[in-house]
Amino acid sequence: MFATKSVADDLAGAAPIKGRSLWADARARFLRNRAAVAGLIVLLLVAAFALIGPFIAPWNNEDIDWNVLGNVAQGGRPSLETGHWFGTDALGRDLFARTVQGTQISLLVGIVGALISVIVGTLYGAIAGYFGGRIDNVMMRIVDVLMSIPYMFVLILLLVVFGRSLLMLFIGIGLISWLDMARIARGQTLTLKGKAYIEAAVATGVRPFTIILRHIIPNLLGVVIVYATLLVPSMIIYESFISFLGLGVQEPLTSWGALINDGASEMNNGTLWMLGWPLFFFVITLFGFFFVGDGLRDALDPKDR
Amino acid sequence: MSAPLLETRDLSVTFKVARQGGWPWSPPRELQAVKQASLRLEPGRTLGLVGESGSGKSSLARAIVGTVPVSDGRVLWRGEDIVSMDTAAQRAHGRHVQMVFQDPLDALNPRMTVGQIVAEPLRTHFPDLSKEQVRAKVGQMMERVGLLPALINRYPHEFSGGQCQRIGIARALITDPELVVCDEPVSALDVSVQAQVVNLLQELQREMGLALLFIAHDLSVVRHISHRIAVMYLGRIVEVATASELIANPRHPYTKALIASVPIPSPKAERARHRPVLEGELPSPMSPPSGCVFRTRCPIARADCADATPAVMNIGNDHLVSCPYHSSTEASPL
Ligand SMILES: Nc1ncnc2c1ncn2[C@@H]1O[C@H](COP(=O)(O)OP(=O)(O)OP(=O)(O)O)[C@@H](O)[C@H]1O
Ligand code: SF4
Ligand SMILES: [Mg+2]
């Protein structure tokens, strides 16, 4: 009764045995999932591309190669000799350097959006759900109101009124990204609140905020992480859409959306590489996030204890 | 007489339940989970609390440990009302009253190690203890409840149900409480493990001088470990007496039915005995019957039972029963 056989066998020394946490279990399950691991590798490669790219690119992303300018369709082709590995854009700027730049911005937008949603949304939802009653009512009505605002419209308005800047873009995305997360976190918190371990903590006299941080949040985290990995691509898509409308980041900064927009407008001139490269990175990154998100979901709640 | 360790006086617990299909502003219905329950518990003693599912046992226990609001009445701790204490004092009081739960796995945070779980009350009430002191105390407590201290870094899902219940008991006892409320602590365990856990609780009670409020839905376990037993039906306490008195001389018709439902180990005696079996369902606590709440299922109910809530009568020997016809029950042909 005291301990199972195998546990008793481990007990040669009196040193405490390391337990298998649910996190460790989940990691093992995730690593067994081939698609998820492949997705993770792709994402790591894309991240490495964004980080290392500036140091290996032969051209700067702002410099115009005057040699190709009049003749982009021929001279601006991807080639190893000219150093334009991905070719150039319609203005004769190096597409490799521009794609690295766009990848940085797009990943940044996605990750910042997801981070805001994780931090703000989780805390907000957990507090609303834990305290319940009137606090919950007020907090969630605020979320409802914010959600009912057509955020694209507001975001575009923000960008038009305050000017296009990276900061405005982050503010706009930060304003909306946490709303869904708050709802998800609140719903999960309501379920967790019925658990006896929460009651035990309350009965002992643990303070409410300690309970939220110690008991609620760690048990929410599985769902939150899964949702956040799926949120990164949707943030990237929002940004791309805005850039596609010509309202995104400002030149010489660029993003996948802006590059795809530029490439698409040149499609009839026989310079498909301008569309192809950014689109390629955009697509593999989205798939990478989807696979990783799926893998995390399977790994984190097989039958959520 | 000095004040008992714990006393409840006319304690009521009312839940507000949103009306189904109602408007958001229509007032919620009231569900009286506990109505005017009065109990006493002396230090170092065990009070058994029995009643069928939904009779309000857990609600009463929660009101005592302070996890549901008391709608009326008082909870006295050594004569001092804890309901009217301020929040900080109530939190500090948590050190003296701990709880053990029915579903042992549900009562342990799956993301925390056993050591962290057992240490939580200690860290809450004695924040000045050093890491080593906490660790040493947790190790001692684990040993005391029959767990190897080397398992301190394991997680709850790596243990069996009985072991999880031991962890829960260790957590409850680490602050050296005076009262432990055990809400059906063995109902969810295998029969073979139940006796071990009950024995452990009794042993610890003797060593540490604990008072226990031991909740169960039938008398089979409670009768052996309780000094006094209270019987609950639909939120009301219908009979209280010492364990031996209650078993030998039950007065309330509901208590009689409960006793009859505990099987006797010998088949011969089992067949020979007369068993008044309860018919019908427990009425809804939202709309309890008028007068005596047991009258819809009482074998000896009379017309005037619907008129008024029966008063609690002391029939001697500290035996309390709330049925005016308790002595006529023998004569009544069942
Ligand atoms: N938080 C709550 N909100 C609304 N109603 C509740 C709540 N908790 C309990 N109840 C209701 O109060 C009544 C008594 O419940 P309680 O859990 O106290 O009974 P119990 O005797 O412990 O039953 P069991 O043996 O099933 O544990 C039930 O009708 C239940 O539905
Ligand atoms: S008061 Fe009437 S209904 Fe209630 S238990 Fe006694 S006899 Fe039965
Ligand atoms: Mg219960």
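## Exercises on a predicted model

In chain B of this predicted model, 50% of the 334 residues count as buried.

**Exercise 1.** Determine how the radius of gyration of chain B compares with the globule rule for 334 residues.

*Solution.* Begin with the secondary structure of chain B, which comprises ten helices and twelve strands. The radius of gyration of chain B is 21 Å, close to the 20 Å given by the globule rule for 334 residues, so chain B is as compact as a globular protein of that length. Along the principal axes, the C-alpha atoms of chain B fill a box of roughly 65 × 60 × 50 Å. Finally, of the contacts in chain B between residues at least 6 apart in sequence, 65% join residues at least 24 apart.

**Exercise 2.** Establish which element gives the most to the nonpolar patch on the surface of chain A, and decide whether A:Phe153 counts as buried or exposed.

*Solution.* The patch includes A:Val138, A:Ile142 and A:Phe153 among its residues, and the accessible area of the patch as a whole is about 910 Å². Two elements of chain A, helix H6 (133-148) and helix H7 (151-162), give two or more residues each, and H7(A) gives the most, with six residues. A:Phe153 lies in helix H7 of chain A; because exposed means over 50% relative accessible area, A:Phe153, at 53%, counts as exposed.

**Exercise 3.** State where in chain B pLDDT stays under 50.

*Solution.* The mean pLDDT of chain B is 88, with 93% of its residues reaching 70 or more, whereas pLDDT stays under 50 over residues 329-334 of chain B, for which the model has ten contacts beyond four places in sequence. The model itself scores ipTM 0.88 and pTM 0.84.

Methods: Residues numbered from 1 in each chain as written. Chains lettered and ligands numbered in written order. Predicted model: local features only at pLDDT ≥ 70, side-chain atom pairs only at ≥ 80, totals over all residues. Heavy atoms only, no water. Patch = residues over 30% accessible without salt bridge, like charges linked within 9 Å, V, L, I, M, F, W, Y side chains within 5 Å. Areas by Shrake-Rupley, 256 points an atom, 1.4 Å probe, with all protein chains shown as cover. Salt bridge = Lys/Arg side-chain N within 4 Å of Asp/Glu carboxyl O. Helix = DSSP H or I, 4+ residues; strand = E, 2+ residues; numbered from the N terminus. Buried < 20%, exposed > 50% of the residue type's maximum accessible area, 1.4 Å probe, protein only. pLDDT = per-residue confidence, 0-100. Contact = heavy atoms within 4.5 Å. Rg over C-alpha atoms; globule rule 2.2 N^0.38 Å.
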